[in-house]
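Let's take a walk through this one together. Keep the structure open beside the text, and pull up each residue as we get to it.

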Amino acid sequence: MPSPAKSKVARAKAKIEEPSTPIPEDHAVSTAPFAPMRGVSGIHGPKLSADSPEDVMRSLIQRHLVSTLARHTGSATPRDWWVATVLALRDTIHERLITTQGVHNAHNVRRVYYFSLEYLMGRLFGSNLLATGLSETARAALEGLGQDFERVRDCEVDMGLGNGGLGRLAACFLDSLATLDYPALGYGIYYEFGLFRQAFVNGHQIEHPDSWTIFGDPWEVVRPEYTQEVQLYGRVENVFDDRGYYRPKWVDTRTILGVPHDIPIAGFGTTTVNLLRLWASKATEDFDLAAFNSGGYVEAVREKAVGETVSKVLYPNDKTENGKELRLVQQYFFVACSLRDILRRHLRTSGNTWENFADKVAVQLNDTHPAIAVAELMRILLDEERMEWDPAWAIVTRTFAYTNHTLLPEALEKWGVPLFERVLPRHLQIIYDINERLMRAVELQWPGDNEKKRACSLIEENGGKMVRMANLAVVGSHTVNGVAALHTALLKKHLFPEFDSLYPGKFQNKTNGITPRRWLLKCNPRLSALITQRLGDGWPRNLDELRGLEKWAGDRTFQDEFMAIKRANKAELAAVIQAECGVEVSPDALFDVQIKRLHEYKRQHLNLLHVLALYRRILQHPDANVVPRVVIFAAKAAPGYDLAKNIIRAINVIGARINGDARINGKLKVAFLPNYRVSLAEKIIPAADLSEQISTAGKEASGTGNMKLALNGALTIGTLDGANVEIREEVGDDNIFIFGLTVEEVEALRGRGYNPWDFYHHDEELRAVIDWLGSDYFTPGEHGAFAQVHGSLLHGGDPYMVLADFRSYCESQARVDAAYRDRAGWARKAILNTARVGKFSSDRTIREYANDIWRLQPVAVK
């Protein structure tokens with residue numbers, strides 16, 4: 001039996017090698033010369049005679065099929081047609097890219113450079129067709145060539161460049177930056193393998209390599225001429241330089257190369273095209289011929305393997321010391337390459353020097369992963385440019401800004417000093433120097449207060465020295481922002497109160513947003529068409545226009561149209577669930593959706609306890625009038641996160657038992673869709689009735705899934721956490737289901753001494769379902785199958801207060817049931833959710849960043 005990895009390759013090869021259609025006589029490929037792509041909507045220059053845009057596109061597809069791919073129409077597979085169409089579309093995008101970069105360079109504009117370790121881009125084909133206005137043109141061209149557009153489109157795979165909300169936010173921001181004409185460039189890593197491809201075996205999460213690059217990606221352009229060298233390891237020695245100064249010198253280093261892969265980012269409704277530049281690691285010497293000739297075949301390519309390891313996998317498991325080291329190397333690698341590239345770009349323009357560097361360059365650190373950039377830019381200025389400390393530090397602190405994405409102290413990156421010293425010895429020295437000056441400032445602010453020094457220090461000394469990357473990011477940036485109003489308030493109150501006092505005005509809020517182009521226009525074409533019919537076509541660039549739907553919220557005809565679209569989307573998702581999970585569900589049931597990274601604070605196990613309570617009630621009262629419900633999960637757990645993986649198994653195994661129980665007559669179904677990714681989210685979100693946003697209050701920074709689901713007409717059930725607070729303010733109390741402890745109540749309960757056993761003993765239903773979870777009822781003969789999750793709720797102290805919120809959650813779910821029975825009332829609430837979440841467009845967020853943090857102006861490209 002082939003391995004799972006080989007099976008994937010075999011499946012992919014089969015898709016590639018299978019011809020799509022025989023050769024139609026009237027579709028023979030012309031051998032006449034092809035003109036450049038002119039005459040298509042959005043293209044500069046003269047049009048081709050009387051040819052229609054469809055004719056031009058069809059010719060370009062044929063040209064690339066033959067000239068670029070060397071395929072005949074008769075032997076071309078659907079993937080060949082997809083690649084050829086991408087290349088034809090790319091012609092348009094590259095022309096716009098060249099024009100955009102020419103305008104930016106000619107005007108020596110100020111740019112923002114966005115540093116993010118991940119970009120969850122999904123698939124680009126549909127979004128780029130929408131951005132360029134060529135969707136219908138491409139569809140007509142492919143159909144004119146005898147190809148099924150949907151079949152061709154489905155050949156694309158999701159880019160394996162990200163994992164969760166952090167990467168998806170970065171992708172939305174890139175979309176908005178280009179759409180709003182802001183000069184911008186994203187930097188990250190070109191991962192050969194994504195996080196992993198998830199499968200379930202006996203309920204267990206199994207991780208397979210996400211081989212998204214195995215057959216290449218036609219969107220990217222490799223730029224070897226901009227390859228950067230990165231130094232690692234070595235030691236620091238003090239030497240006299242040529243000016244007679246005693247300076248540290250980083251010596252005996254190992255070198256790896258960073259090769260840039262460029263992905264164009266096309267703006268919607270504009271000709272601006274920005275870049276995402278991703279770095280792939282390579283060895284300086286790929287092949288040792290002497291070792292090969294002496295029979296050392298493995299040794300001959302050892303350096304190549306070591307060099308390429310750095311960009312091999314997104315988020316290597318850091319449970320081992322080697323994994324920790326690789327993560328640190330990854331972060332420095334992409335930061336070092338990116339800063340070098342920024343310097344190259346800046347200094348190539350006549351008149352640009354270090355004097356105006358911070359006037360032309362704004363760098364945004366997306367979370368703590370790129371924080372080492374602060375020390376790296378200081379190293380360049382001190383060691384290579386021979387600047388004195390004060391002017392160098394002034395450049396650094398005028399260049400960087402930092403976005404914090406977490407309130408969890410354990411999620412703020414820290415590196416052991418011995419590891420840091422081994423990998424980046426010179427940077428550790430610089431961090432100590434920054435810290436020395438920081439401690440002086442703290443002493444001036446709070447004389448003799450050692451607790452304040454401990455809180456602010458870049459070096460944590462509690463049980464072993466650790467470098468605090470979040471503190472480094474705060475100190476080295478001119479602005480720090482949270483990503484929701486509540487999150488920012490808690491940042492200043494709990495996480496960084498000393499820094500908030502030390503640097504008045506440094507902290508700002510920038511509530512997250514999502515791009516409506518992908519998360520409504522692309523993923524929900526039926527609803528988008530209805531909205532356009534009523535409001536016109538301006539809303540994808542101005543989401544506040546959706547407020548115009550409010551006047552139809554109570555109109556029965558509009559309600560019927562809106563809910564008919566929702567049901568059609570649910571029917572399509574039901575087919576996906578049948579295909580992926582083997583579970584038959586009814587589109588008339590309430591679709592209750594929780595889709596997000598699997599983590600205890602997101603509380604998928606609270607949802608599971610409610611599922612168990614519903615199951616128990618139906619068994620006890622089989623004739624009860626229950627609203628049929630399909631509870632839909634999709635999530636990946638980090639490979640080293642054993643408790644999260646145990647929660648996944650519990651949901652899968654218990655769900656299978658419920659789905660197969662004829663006694664409940666299909667009133668409750670559970671589906672855990674495997675391998676959660678952007679393209680799967682695009683199928684789930686338009687079909688959701690209920691959006692589960694049930695994190696412990698004070699733990700979720702913002703969330704963006706809540707915004708996507710509300711935009712598509714799902715009602716939120718959630719705590720007053722993250723952006724849920726602002727969603728409630730926008731949609732109104734009557735159109736959201738709020739439950740659970742508030743941040744203040746969580747703090748008070750924890751302060752009194754939270755004991756989950758108190759809730760266990762005082763709630764009979766809660767006690768019953770937890771005991772059920774801890775028994776072998778769902779796993780006969782396998783006692784303790786869910787011991788990790790069961791133990792965390794009781795003996796582990798229930799750190800995220802699942803038991804404390806259980807009863808309030810169940811009561812809120814009862815309100816959901818009652819509301820769903822009122823079909824007209826539910827439709828009105830759903831419409832108002834769509835109408836009132838215009839605030840959560842990433843366009844609004846990016847304008848705020850540009851105005852308040854980056855001092856960036858849009859540049860129109862004519």
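What follows goes from the nonpolar core to two buried spots, then to a helix pair, and ends with the salt bridges.

One thing to keep in mind throughout: this is a predicted model. A good place to begin is the inside. In soluble globular proteins, nonpolar side chains tend to be buried together. Here the largest nonpolar core takes in 275 residues. If you want to find your way into it, look for F115, F420, L609, L773 and W854, which have the most contacts inside that core. The biggest contribution from a helix comes from α11, residues 321-347, which puts in 11 residues.

Now zoom in on W854. What does W854 touch once you leave aside its neighbours within four places in sequence? The list runs R110, V112, L177, A362, Q364, I846 and Y849. F420, another of those core residues with the most contacts, turns up again when you move to H427, since F420 is one of the residues in contact with H427. H427 itself belongs to helix α16, residues 425-445, and it counts as buried because its relative accessible area is 0%. Besides F420, it is in contact with W250, Y332, I372, A375, E376 and R379, again leaving aside neighbours within four places in sequence.

For another enclosed spot, turn to helix α4, residues 125-132. Seven of its eight residues are buried, so α4 is largely enclosed by the rest of the structure. The buried ones are F125, G126, S127, N128, L129, A131 and T132. What do they pack against? There are four helices and a strand to look at: α3 (78-106), α5 (135-144), α6 (149-153), α21 (516-522) and β9. Just past the end of α4, check the backbone at G133, where phi is positive at about 75 degrees.

Next, jump along the chain to a pair of helices, α33 (residues 802-821) and α34 (residues 823-835). Their axes are 5 Å apart and they pack at an angle of about 105 degrees. An angle from 65 to 115 degrees counts as roughly perpendicular, and α33 and α34 therefore fall in that class. On the α33 side the contact is made by V816, A819, Y820 and R821, and on the α34 side by R823, W826 and K829. Sorted by class, that gives four nonpolar residues, three charged ones and no polar ones.

That leaves the charges. Side chains of opposite charge can pair when their charged atoms come close. How many salt bridges does the model have? The count comes to 54, and three of them are worth a stop.

Start with D262 and R223, whose closest N and O atoms are 3.4 Å apart. D262 sits in strand β9 (residues 254-266), while R223 is in the loop between β5 (221-222) and β6 (228-232), so that 39 residues separate the partners and the pair links distant parts of the chain. Strand β9 is familiar by now, as the buried residues of α4 pack against it. Is each partner buried or exposed? D262 counts as buried because its relative accessibility is 2%, whereas R223, at a relative accessible area of 29%, is partly exposed.

The second bridge joins K282 and E308, at 3.6 Å from N to O. K282 is in strand β10 (residues 273-283) and E308 in helix α10 (residues 302-309), 26 residues apart. K282 is partly exposed, with a relative accessible area of 32%, and E308 is buried at 12%.

The third is E726 with K839, at 2.8 Å from N to O. E726 lies in helix α28 (residues 724-731) and K839 in the loop between α34 and α35 (842-854), so this bridge ties together parts that are 113 residues apart in sequence. E726 is buried, with a relative accessible area of 4%, and K839 is partly exposed at 23%. Salt bridges can also share partners, and in this way R223, D262, R277, D341 and R344 are joined into one network.

E726 leads to a last stop, as it is one of the residues touched by A485, along with N509 and T511. A485 lies in helix α19, residues 485-495, and is partly exposed at 40% relative accessibility. From A485 to T742 the distance is 15 Å, C-alpha to C-alpha, with their positions 257 residues apart in sequence.

Notes:
Residues are numbered from 1 along each chain as its sequence is written. This is a predicted model: local features need pLDDT of at least 70, side-chain atom pairs count only at pLDDT 80 or more; totals for chains, interfaces and linings use all residues. Side-chain values use heavy atoms; hydrogens and water are left out. A nonpolar core is a set of buried Ala, Val, Leu, Ile, Met, Phe, Trp, Tyr and Cys residues joined through side-chain atoms within 4.5 Å. Buried means under 20% relative accessible area, exposed over 50%, partly exposed in between (1.4 Å probe, protein chains only). Helices (H or I, at least four residues) and strands (E, at least two) are DSSP runs, numbered from the N terminus. Contact means heavy atoms within 4.5 Å. Axes are lines fitted to C-alpha atoms, for helices over the stretch in contact, and angles run from 0 to 180 degrees between N-to-C directions. Angles under 35 degrees count as roughly parallel, over 145 as roughly antiparallel, 65 to 115 as roughly perpendicular and the rest as oblique. Ala, Val, Leu, Ile, Met, Phe, Trp, Tyr, Cys and Pro count as nonpolar, Asp, Glu, Lys and Arg as charged, and the others, Gly among them, as polar. A salt bridge is a side-chain nitrogen of Lys or Arg within 4 Å of a carboxyl oxygen of Asp or Glu.
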